[in-house]
Amino acid sequence: MAVLNVHERLVAAGADAVGELLDTLSAGPEDRLWPSGHWPAMRLDRGLSPGSAGGHGPIRYTVSAYEPGARVRFDFTGPPGFHGYHEFAVIPVDAHRTLLRHTLSMRTTGAARLTWPLLYRPLHNALVEDGLDRAAPTARPARWSPYVRLLRTALARRG
């Protein structure tokens, strides 16, 4: 199954400022983008550098491309059946506005053809929206759906 999942947020800041935010991505103490307060932390063995391996929770990947201040791409290495990538990109709109885009593009095979739509997609969507809320706080932050809350409760009980 082909999957294309895109989330965007218009940030009221120039591309340099949004690029600096992107460059903190790695779930360390200075990370201002990844919502590790509510989600499994992103861990990368060598930070944001090509070849760095890591992931968050059961999602595994390697950094396949990194352009400081502009883009970072992660190629999936797990779970089984995830074949593709996810990336963050900083797209200038004008001197005072920048689009922060997260794109997930993959092909699913095997059990992932069921686990992506039933489990991973709703959790992924909530996680990315929480991250975008950190990048550009709004008066109406993203809210988890009842299904996402149910999944999180079930997964927490499972350990």
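Start your tour at Glu8, which counts as partly exposed at 38% relative accessibility (buried means under 20% relative accessible area, exposed over 50%, partly exposed in between, with a 1.4 Å probe and protein chains only). Before you click on, know that this is a predicted model, where local features need pLDDT of at least 70, side-chain atom pairs count only at pLDDT 80 or more, and totals for chains, interfaces and linings use all residues. Residues are numbered from 1 along each chain as its sequence is written, and side-chain values use heavy atoms, with hydrogens and water left out.

**Stop 1: charged partners**

Keep Glu8 selected and add Arg101. Their side chains meet in a salt bridge of 2.5 Å, N to O (a salt bridge is a side-chain nitrogen of Lys or Arg within 4 Å of a carboxyl oxygen of Asp or Glu). Arg101 lies in strand β7 (residues 97-108) and Glu8 in strand β1 (residues 2-11), so this pair ties together parts that are 93 residues apart in sequence. Here, helices (H or I, at least four residues) and strands (E, at least two) are DSSP runs, numbered from the N terminus. Arg101 is partly exposed, with a relative accessible area of 28%.

How many salt bridges are there by this rule? The count comes to seven.

Next, select Arg9 and Asp133. They form a salt bridge too, with the closest N and O atoms 2.8 Å apart. This pair links distant parts of the chain, with Arg9 in strand β1 and Asp133 in helix α2, 124 residues apart. Are Arg9 and Asp133 buried or exposed? Both Arg9 and Asp133 are buried.

**Stop 2: a charged network**

Now pick Arg71 and Glu87. In their salt bridge, the closest N and O atoms are 3.0 Å apart. Arg71 sits in strand β5 (residues 71-78) and Glu87 in strand β6, 16 residues apart. Arg71 is partly exposed at 22% relative accessible area, while Glu87 is buried at 11%. Add Glu67 and Arg73 to your selection, and you have a network of salt bridges linking Glu67, Arg71, Arg73 and Glu87.

Stay on Arg73 and show Tyr85. The charged end of Arg73 sits over the ring of Tyr85, 3.5 Å from its centre (that takes NZ of Lys or CZ of Arg within 6 Å of the ring centre and within 35 degrees of the ring normal). For another such case, jump to Trp39: Arg152 lies over its face, at 4.4 Å from the ring centre.

**Stop 3: rings**

The structure holds five aromatic pairs (rings of Phe, Tyr and Trp, the last by its six-membered ring, pair if their centres lie within 6.5 Å; planes under 30 degrees apart count as stacked, over 60 as edge-to-face and the rest as tilted). Select Phe82 and Tyr120 for an edge-to-face pair, 5.2 Å centre to centre with 80 degrees between the planes. Phe82 lies in strand β6 (residues 82-94) and Tyr120 in helix α2, so the pair ties together parts that are 38 residues apart in sequence. Phe82 is buried at 5% relative accessible area, and Tyr120 is buried at 16%. Bring in Phe76 and Trp116 as well: ring pairs link Phe76, Phe82, Trp116 and Tyr120 into a cluster.

**Last stop: His124**

Finish with His124, in helix α2 (residues 112-135). His124 is buried, with a relative accessible area of 14%. Which residues does His124 touch, not counting those up to four places away in sequence? They are Asn5, His7, His102, Leu104 and Trp116 (contact means heavy atoms within 4.5 Å).
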